[in-house]
Each structure stands twice: as C-alpha cells, then as structure tokens.
2 protein chains.
Amino acid sequence: MNVIDPKQFRNALGAFTTGVTVVTTRHGGIDIGLTANSFNSVSLDPPMVLWSLAKTSGSLQAFNENDYFAVHILSNRQEALSGRFAKRGIDKFEGQALTRGHGEMPLLSGCSARFECRTAYRYEGGDHVIFVGEVLNFEHFGLPPLVFQSGGYALAVKKPAEYAAEEAAYQADSFGRNALTYLLGRVFHQLRYQLKPQLAAHDLNDVEHQVIGVLGVCEERPLSELDALLKVSGQSVDAAALAGLRERGYIVMQGAPDPRVSLTAAGRQINIELVAATKSIEDDALEGFDHGEVQVLTHLVRRLAHATRADTPPLWTRSREAV
Amino acid sequence: MNVIDPKQFRNALGAFTTGVTVVTTRHGGIDIGLTANSFNSVSLDPPMVLWSLAKTSGSLQAFNENDYFAVHILSNRQEALSGRFAKRGIDKFEGQALTRGHGEMPLLSGCSARFECRTAYRYEGGDHVIFVGEVLNFEHFGLPPLVFQSGGYALAVKKPAEYAAEEAAYQADSFGRNALTYLLGRVFHQLRYQLKPQLAAHDLNDVEHQVIGVLGVCEERPLSELDALLKVSGQSVDAAALAGLRERGYIVMQGAPDPRVSLTAAGRQINIELVAATKSIEDDALEGFDHGEVQVLTHLVRRLAHATRADTPPLWTRSREAV
C-alpha cells in the first residue's frame, strides 16, 4: 500500500466543491455549533442526511449525547458566520438571532436551507465519526449558497441549459462573435446609450461627461492629467474642449501653463445626478442577475481592469489604486 | 413528526453545492460506473472518503462484491461525461481512454482528481447504502472542477482573500469607483487602447475600424443599417465618413439612395488581421484567469449584453441573434 501524504490528500479532496454548513446542537444548557463541509444527502425515503465530525473535536460529546442537531446550509452572505463557527474559544452564538427547534436546538437565520434532524446512526469513519440524521423538519429559504473549493470560498454561477451549445459556438467562432472585447464594448455602449437623454438634457458631450466624472472622483486635476486619463478612451482634452463647461459654470481653471481644473458646486451637482442615473440604469440591467452573479461579474471585470491597466496617472488618488 | 415532501426535500438539499463524481468498479469482467454527487471526505488518517448508492441501483451488486472502486472528481470540461454516466442502457465506457487500477478498476482521465479506494465499511442509510472507502492511491490533476447546484451545473469562481474588503468598499462607495459601467468601460477602452498601434499602422480611425468589424460579420450592409448599428456606440456613418475606406480600396458602395456597403478582398484581409490582433490582446489580458473564470465572465457579459440590448438592427444576421 502506498503512503498517503496528508497535505496532498487534503488538496486533492479540495477539488470536490462543497457548500458550507453550520451544524448546531445543545448540551448541558449550552448552545454548540461548528462549521462543516462534510455534509451530504443520503436518503429521500426516509429523509436522511449525513456529516462527519473529528473524534478530537470538543463538541463530540454534545453530538453523542444529544440526538437532535440542525444543519444550516449557509448563504453566500454568511462567509463571516462560517469563519466564526470555525473558530475556537469564542462565544459563537453571540449576537445571533436564534429560534429553537427540537430538543432546544439553536436555529440560525439567513441561511439557504435548514434541516432539523434526529441522529439515526453514528458510524465509525477513521479519525471522524459519521453522523446520519433523519430529517424531522426542514426549511428552504432559496438564498444563493456559499461555496467552498480548493481550500477557499468561491462564488458559483448557474450554467443555463443552453450553455453547452454556447460553449461549442464559442470554440467554433473565428470571427469574434463571442469575443470578450466585442461583448464588453457592446455592453458598455448599450449602458451608456441609455444615459444619452440625461446627457442631452444637460447638453453634455462625451468628453465633457468624462471630465465631470473624473473630477467627481478627485475634485481637482491639472489639465495635463485630465488629458492623460482620457487618452485611454481615445479622447483628448485641452482648454478649448473645456470652454463649454467653464462657460456654464461647471468647472473653474486656475494657473498656467498647466491649469488646475476643478468642479464648482454646480458641477458637483451635475456629477451626482449623472452617477445616480448611471446606477439606476445598471440596476435595471442587472435585474435578472442574483447577488452572487453580480459579485462574480464585478470581481472578474475588476481583475481584468487591473490586468489591462495602461500607463496613465492613477484615477483614484484618495486611496491606494485598487484596480 | 412532520411529513416530508420528497420534491421539496430534494430542492432544499440542492442548496448544498457539490462537485460531481463518477464512481467506477469492475464486476464479472464488465466495467461499471455511475455519476454521483453524494461524495465527501471522511478521514485524513487513515485516508477515507464516502459516497452513497441507491439500494435500487442495478450497480449495487457490483459494488457489494468488488471491494475496489475509484472516485473521479470531474473537471468543468466533463459535463458530457457526467450526463453519460448518469444514463442507463448505454455502454458508458465506449470511446473512453481507460487505464486500470486495483482489482482491474477502470480509471478515466481528464478529471480534477481521482481516488482509488478499497471499501472499508458499507453502512445502512435509508434507501441508500453508504460506502466508506479507504484511499489506497490518488492523483490530483488540478483542473477546475465541475459544480452542481440546485439541480443544475454551475461554474465556480474562487473568491480571493481580499474579496470581503472589496465587497465592503463596494457597499461604501457612493462615487462609482466600483460601478460596473465604469469598470466595463475601463476594461473595454484599455483593451482597445492596445490595438491602437495596429489601427495606426493601417491609418484607421475608430469609425472606420467599427465599420470594417461590422462588415466582417455580415459582408454587405445598407449604409442606413451601418449608421443604426454604430449609433449605440455614439458614432454616425454617412458616405463622407466612408470616403477614406473607399479610396483605399477596403470597401465598395453600390446603389442609391441607400447604398449597399461591402468589404473588398483587401478589406476582409484587414478585418482578419484586426480580429487576430484583438484576440491576441485578449489572450494576454486573460493570462491570469483560469478556463472556468473566462467561461463565467463571458457568460455573464453575454447575458448583460442581452439585458441591455438597444433597438438596433441585428448585428449577426447569418444566424439567430444570440445576445
């Protein structure tokens, strides 16, 4: 028989993606709970689930002596709760709104699904005990679940049924129909297109809109920096391009030869309106996306922004450049 | 005790995300295999894993009589294999490149990780039998794994450690630093910016580049349609804007009052070069992303393109409009 390296074995097991659960019980008048990803379904009739617990766990006695336990499948907003119930030496239940189940079991809220169980079997499993519970009661809250993969948290996005066909088309398409640059540009332009009425109402062209946006982030900039920042989007800015914004009282320019440009109160107001309108358009566009999908999309686009960053002055000078 | 509705119970269990495995063995000279997501780790020392099998399964006898089985954690490119091993009445192993493990077990390739096991325990589990296997040997191939959630396949993206902070900044930021429109525009412009040398080499401006791209998809268009298509990105096209492309022999225009515009052989050649250059820039940008992440990003951006589509003529007229 081969010798199994525990670290490599653990890493290989990490290839199996899981949800994350918190399993709770009550023992000697004290609420007990721990984070586990060793949960799985066993039987539909009778309804049964299982999970396993290290024999070295300080909670083993509680689960051995109380036949009731609850399994909470955590939602993707409960990463902090997962961390909390994986710690030792803290009051894990502090600040948690609890209800009570069978045998006074503590029940947590905000999860994706919850199962109240009575232990049917405790089985030998090497350095763990396998608990098989008959499900007495359950609730399915439908929140997107937290995911664990390769030793870290992950975000999962459902594959639509037509995905395999899409993927095949992507492989086959040499003309860029599914090319990411095209898709990104299309989405960006379509989102911007919906802002046109607001820009028209304020009689702002594209360069003027961008200048207001940049100054909205960091209220004062040398003209040369504005020009360098807009260069990436194919625009250039000089005093003539800013004349319209000055005349309407949205910006002021001071100094020479590289004047510092800043927003006036009226300019800041316009910026706030445009940011709000952009946010509203985004919210409409994202209506069919769940919270986890928006997180994933934003995260990946942010990484791509970082990976493709150009050699321009930082836009966000108030704090460390994040993207 | 409450009555458990099996369908609702199954849906609630689906909230627990899992990987997908194919478990194989050999019995009476025949290779046996089936898809299971009831896998989980049990013990590190001794190394043990478990999975469960319905008592009604035709494969039960094989797993009862052969003590050796192999668990394959499927990679995200093995969705078809998952479907294949979930079917009945077909030769599941047809066309699969197999190697042989302990007890002549069939071993499949292309998975994320693989465990060769000897059954240590067979436990009662309601309508299923729980198989606990001692791991004799394993391999970790490191491919991104296939994920199953809420009754369908999913794609998982790792959350980097700094994600919680990112998320907090996103919630706190009222000025759009993390706003999706801004990020999408930034990425698009940064990708396009890297194409500038190629555009300059061909002396193409932005409108000319877009016209060549649109005609590259569908080689002939009325001028009015070109104009309508470019409107979303804030451009407009008329005969004057196309004069440069005509003079250089990249396009021809025929008819009046709405001439049909088409690419010449030289124009098609330029398009191929620009598409290839764009692809190469994209590939560089995506170097730090794994296959699953690129799939997720492309899928989500495509959905967003669909959700924000404007009332313009279809770009892709050769087949059904996908986005």
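Mentor: Strands here are DSSP runs of E, at least two residues long, numbered from the N terminus. The model is predicted.

Trainee: In which strand does A:Arg114 lie?

Mentor: Take chain A and look at residues 113-125. That run is a strand, and A:Arg114 lies in it. The strand is β9 of chain A.

Trainee: Is A:Arg114 buried or exposed?

Mentor: The cut-off for buried is under 20% relative accessible area. A:Arg114 has 9% relative accessibility, so the residue counts as buried.

Trainee: Which side chain joins that of A:Arg114 in a polar contact of 2.7 Å?

Mentor: Start with the contacts of A:Arg114 beyond four places in sequence; among them are A:Leu108, A:Asn137 and A:Glu139. The backbone oxygen of A:Leu108 lies 2.8 Å from a polar atom of the A:Arg114 side chain. The side-chain partner at 2.7 Å is A:Glu139.

Trainee: Turn to chain B. Which are the edge strands of the open sheet with the order β13-β15-β14?

Mentor: This sheet has 3 strands with antiparallel pairing. An edge strand pairs on one side only. In chain B those are β13 (220-222) and β14 (251-254).

Trainee: What is the bridge partner of B:Arg221 in β15(B)?

Mentor: β13(B) and β15(B), residues 260-263, pair in the antiparallel sense over 3 bridges. Opposite B:Arg221, the bridge partner is B:Val261.

Trainee: At about what angle does helix α8 of chain B run to β13(B)?

Mentor: Helix α8 spans residues 223-231 of chain B. It lies across β13, β14 and β15 of that chain. Its angle to β13(B) is about 90°.

Definitions and conventions. Residues numbered from 1 in each chain as written. Chains lettered and ligands numbered in written order. Predicted model: local features only at pLDDT ≥ 70, side-chain atom pairs only at ≥ 80, totals over all residues. Heavy atoms only, no water. Pairing = 2+ DSSP bridges. Helix = DSSP H or I, 4+ residues; strand = E, 2+ residues; numbered from the N terminus. Contact = heavy atoms within 4.5 Å. Axes fitted to C-alpha atoms, helices over the stretch in contact; angles between N-to-C directions. Buried < 20%, exposed > 50% of the residue type's maximum accessible area, 1.4 Å probe, protein only. Polar contact = N/O pair within 3.5 Å; in protein donor to acceptor, adjacent residues only side chain to side chain.
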